[in-house]
Amino acid sequence: MNKKILLLTFLWLAVTITCVAQTQTDTIKAYISHTPPAIDGSDADACWASAAWYPINVLWMGPAMTPSDFTGRYKLAWDNNLLYMLVEVTDDSLSDQQSEPADRYWTDDCVEIFFDEDHSGGDHWYNHNAFAYHASIKYDAVDIDKDRSPKTFNDNLEVKIDTIAPNTYMWEFAIKVFTDDFTRNSPENSRRQLTANEIMGLTLAYCDNDGNFARDNFIGSMKMPSGKNDVNYQTADYFGTLLLIDPDMPNSIIPATEPTTLIYPNPANGCLFINNPEFVSYSLFNANGQIIGEPKTNLHGQTRIDIGHLSRGIYFISLTDNAGSTETQKIMVE
Ligand SMILES: [Ca+2]
Ligand SMILES: [Ca+2]
Ligand SMILES: [Ca+2]
Ligand SMILES: [Ca+2]
């Protein structure tokens, strides 16, 4: 396959992927923003012009919708301080019927952000291993606290909404990232910075109330296992995988310029392919630089590497060609 056909194939895949809901094994990508976006409900920021849309289109609960009842999609960006999110929602009726933010908060119209800073998975119902922010049209962000009662966590994120067309709203978020040690009294003690090549857990959803004092529909950004459509508020086990990318970093797994040896797909699942038949051996290393298994040699012409035995995470592959030159690339296994 020549480079032009390969590039067109990747572009076709990129376009296709943006239209299809994330699965449990897919990875979504957030690119670094060198200028923080203004949190004003407008997409007139440099980072949004280049970011891809991801759909919110999987019906988790409730009857089937029409496009005017609900249509949603989102974009992501990040910098060292914050995770940024743009969410475009078409909703025929905006509704927030509880005067108290924490009163039946899941029944009001809200963007629900399931976020797990270290993608650890696991229970987060009465702890801060992960968050399930219910962001309302009144700019309250409610989750359940360690004392088992729902509270606002409005300092953890900033949100603004603008109306961009009839019944169509742009929500813009800046989200602070905390470790599992988060406490309401001293949140900055557990605040953390973001860096390239990090993997985080993220899923989005929209709770659609159209004036019925109840959640009419619950629509998510990813496909859930059977019977698990409403478990994300308790466990982070089924959150989607998010990769933070800075293509200008020398060790970026998605570099700005094409490396000499193209390894694809990256992120990968099951197997890797290498488009350079000149390599004769390779070694795999984990994120700590420890070699995994024995180096594989005498592989002239082999272009497929089985990685089905590797668990999710960052790895390095060091390739040696028949002239003795080596090339190391970072890969992500999902
Ligand atoms: Ca903006
Ligand atoms: Ca609706
Ligand atoms: Ca966690
Ligand atoms: Ca609604």
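In the predicted model, Gly 201 stands opposite Thr 241 in strand β14. This pairing belongs to a ladder between β12 and β14 (residues 240-245), in which 4 bridges join the two strands in an antiparallel arrangement. Strand β12 covers residues 199-208, and 9 of its 10 residues are buried.

Two further strands pair with β12. Strand β6 (residues 110-116) runs antiparallel to β12, with 7 bridges between them. Within that ladder, Phe 115 has Leu 202 of β12 as its bridge partner. Strand β13 (residues 217-220) is also antiparallel to β12, and 4 bridges connect the pair. Here Asp 208 is matched with Asn 217 of β13.

Cys 110 lies in strand β6. The residue is buried, because 25 other C-beta atoms fall within 10 Å and the cut-off for burial is 20 or more. Leaving aside residues up to four places away in sequence, Cys 110 touches His 134, Ala 135, Ser 136 and Cys 207. Glu 278 is 168 residues from Cys 110 along the chain, and their C-alpha atoms are 54 Å apart.

The largest nonpolar core holds 70 residues. Tyr 84, Met 85 and Ile 175 touch the most other members of this core. At least three residues of the core come from each of domain 1 (3-245) and domain 2 (263-333). The contacts of Ile 175 are with Leu 82, Leu 83, Met 85, Ile 113, Phe 115 and Leu 157, again not counting residues up to four places away in sequence. Phe 115, one of these contacts, is also the bridge partner of Leu 202 in β12.

The domain assignment divides the protein into domain 1 (3-245) and domain 2 (263-333). Their contact takes 4 residues from domain 1 and 5 residues from domain 2. On the side of domain 1 that touches domain 2, 1 residue is nonpolar, 3 are polar and none is charged. The C-alpha centres of the two domains are separated by 34 Å.

Strand β16 spans residues 271-274 and has two unlike faces: Leu 272 and Ile 274 are on the covered face, Cys 271 and Phe 273 on the uncovered one. In a regular strand the side chains alternate between the two faces of the sheet. Strand β15 (residues 263-269) pairs with β16 in the antiparallel sense over 3 bridges. In β16, Ile 274 stands opposite Ile 263. The two strands, β15 and β16, form a hairpin with 1 residue between them. Gly 270, in the turn, has a positive phi of about 100°. Strand β19 (residues 304-306) is also antiparallel to β16, again with 3 bridges. Leu 272 takes Ile 305 of β19 as its bridge partner.

Over the whole protein, the secondary structure amounts to 2 helices and 21 strands. Of the 334 residues, 32% count as buried. Among contacts between residues at least 6 apart in sequence, 63% join residues at least 24 apart. The C-alpha trace spans about 70 × 40 × 40 Å along its principal axes. The radius of gyration is 21 Å, which agrees with the value near 20 Å for a compact globule of 334 residues.

Notes:
Residues are numbered from 1 along each chain as its sequence is written. Chains are lettered from A and ligands numbered from 1 in the order in which they are written. This is a predicted model: local features need pLDDT of at least 70, side-chain atom pairs count only at pLDDT 80 or more; totals for chains, interfaces and linings use all residues. The radius of gyration is taken over C-alpha atoms; the globule rule is 2.2 Å times the number of residues to the power 0.38. A residue is buried if 20 or more other C-beta atoms lie within 10 Å of its own, exposed if 12 or fewer, and partly exposed in between; C-beta atoms are placed from the backbone. Two residues are in contact if their C-beta atoms, placed from the backbone, lie within 7 Å. Domain bounds come from an automatic or database domain assignment. Ala, Val, Leu, Ile, Met, Phe, Trp, Tyr, Cys and Pro count as nonpolar, Asp, Glu, Lys and Arg as charged, and the others, Gly among them, as polar. A nonpolar core is a set of buried Ala, Val, Leu, Ile, Met, Phe, Trp, Tyr and Cys residues joined through C-beta atoms within 7 Å. Two strands pair if DSSP finds at least two bridges between them.
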